[in-house]
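Colleague: I want to go through the labels on this model one by one. Please give me the rule each time, then the value.

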Amino acid sequence: MKTLSIKKDQVQSKWHLIDAEGMILGRLATQAAVLLRGKHKPFFTPHVDAGDHVIVVNAEKIQFTGDKLRQKMYHRHSDYPKGLKSFKAEEILGKKPESLITWAVSGMLPKNKLGKAIIKKLKVYAGSAHPHEAQRPEPFQLTNAKRRERHG
């Protein structure tokens with residue numbers, strides 16, 4: 001049996017819409033990374049960008065398990081001495097919730113030119129409105145997705 005390796009011009013890309021309301025961050029990020037990478041397709045080729053476009057809405061309503069919202073720290077460095085900046089997930093969720101999902105998904109993609117091209121196909125919005133209606137995105141139901149119910 002001959003191994004099928006798909007070429008870049010044979011790729012057909014779709015648009016998926018994921019509603020992040022009540023979703024757990026890590027579970028949403030893994031499913032989004034699979035869609036972006038193209039691993040859900042039968043002709044997955046590791047060195048070709050064969051994935052789909054992903055739109056994530058309601059990023060401000062993402063959930064964390066346990067006490068991660070107050071304890072989880074995110075870091076970035078400016079490459080200058082004393083350039084380390086640290087932020088709690090709670091602060092980021094209040095100021096720019098889109099970056100939480102983007103950081104989580106980008107951490108699950110390759111760290112090379114292909115990964116940089118793939119992450120550009122992820123569109124994250126804090127609210128429920130998005131400007132991609134013309135692409136007719138299909139609502140995507142996450143597999144084994146657990147939604148956290150807020151108590152209180």
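Modeller: Start with contact, which means heavy atoms within 4.5 Å. By that rule Ile18 touches Leu28, Ala32, Leu35, Val54, Ile55, Val56, Val57, Phe140 and Leu142, not counting residues up to four places away in sequence.

Colleague: What should I know about the source and the numbering?

Modeller: This is a predicted model, where local features need pLDDT of at least 70 and side-chain atom pairs count only at pLDDT 80 or more, while totals for chains, interfaces and linings use all residues. Residues are numbered from 1 along each chain as its sequence is written, and side-chain values use heavy atoms, with hydrogens and water left out.

Colleague: Why is Ile18 called buried?

Modeller: Buried means under 20% relative accessible area, exposed over 50%, and partly exposed in between (1.4 Å probe, protein chains only). Ile18 has 1% relative accessibility, so it counts as buried. Ile18 is found in strand β1. Strands (E, at least two residues) and helices (H or I, at least four) are DSSP runs, numbered from the N terminus.

Colleague: Why does His53 count as buried?

Modeller: The value for His53 is 19%, and the limit is under 20%, so buried is the label. His53 lies in strand β2. Leaving out residues up to four places away in sequence, His53 touches Ser13, Lys14, Trp15, His16 and Lys121.

Colleague: And what makes Met73 partly exposed?

Modeller: Its relative accessible area is 35%, which falls between 20% and 50%, so Met73 is partly exposed. Met73 sits in strand β3. Beyond neighbours within four places in sequence, Met73 is in contact with Ser86, Phe87 and Lys88. Met73 and Glu91 are 18 residues apart in sequence and 9.7 Å apart in space, C-alpha to C-alpha.

Colleague: How do you know that β3 and β4 pair?

Modeller: Two strands pair if DSSP finds at least two bridges between them. Five bridges join β3 (residues 73–77) to β4 (residues 84–88), and the two run antiparallel. The bridge partner of Tyr74 in β4 is Phe87. The two strands form a hairpin with six residues between them.

Colleague: Which residues in the loop between β3 and β4 have a positive phi without being glycine?

Modeller: Asp79 has a phi of about 70°, and Asp79 is found in that loop. Lys82 has a phi of about 60°, and Lys82 lies in that loop too. Asp79 has 72% relative accessibility and so counts as exposed. Lys82 is exposed as well, with 85%.

Colleague: What makes you say that Lys72 lies over the face of Tyr74?

Modeller: A charge sits over a ring if NZ of Lys or CZ of Arg is within 6 Å of the ring centre and within 35 degrees of the ring normal. Lys72 is at 5.2 Å from the ring centre of Tyr74.

Colleague: Now the open sheet. How are its strands ordered?

Modeller: The order is β5-β2-β1-β6, and the pairing is parallel. β5 and β6 (138–139) stand at the edges, each with a single partner strand, so one side of each is left without a neighbour in the sheet. Five bridges join β1 (residues 15–19) to β2. The partner of His16 in β2 is Val54. Helix α4 packs on the sheet, touching β2 and β5. The direction of α4 makes about 155° with that of β5. Axes here are lines fitted to C-alpha atoms, for helices over the stretch in contact, and angles run from 0 to 180 degrees between N-to-C directions.

Colleague: Which residues of α4 are buried?

Modeller: Pro97, Ser99, Leu100, Ile101, Ala104 and Val105 are. The buried residues of α4 pack against α1, β2, β3, α3, α5 and β5.

Colleague: Last one. What makes a set of residues a nonpolar core?

Modeller: The members are buried Ala, Val, Leu, Ile, Met, Phe, Trp, Tyr and Cys residues joined through side-chain atoms within 4.5 Å. The largest such core has 29 residues, and Ile18, Leu28, Val54, Val56, Ile62, Ile101 and Val105 touch the most other members. Its largest share, seven residues, comes from α1. Ile101 is in contact with Ala20, Leu25, Leu28, Val56, Ala59, Ile62 and Val124, leaving aside neighbours within four places in sequence.
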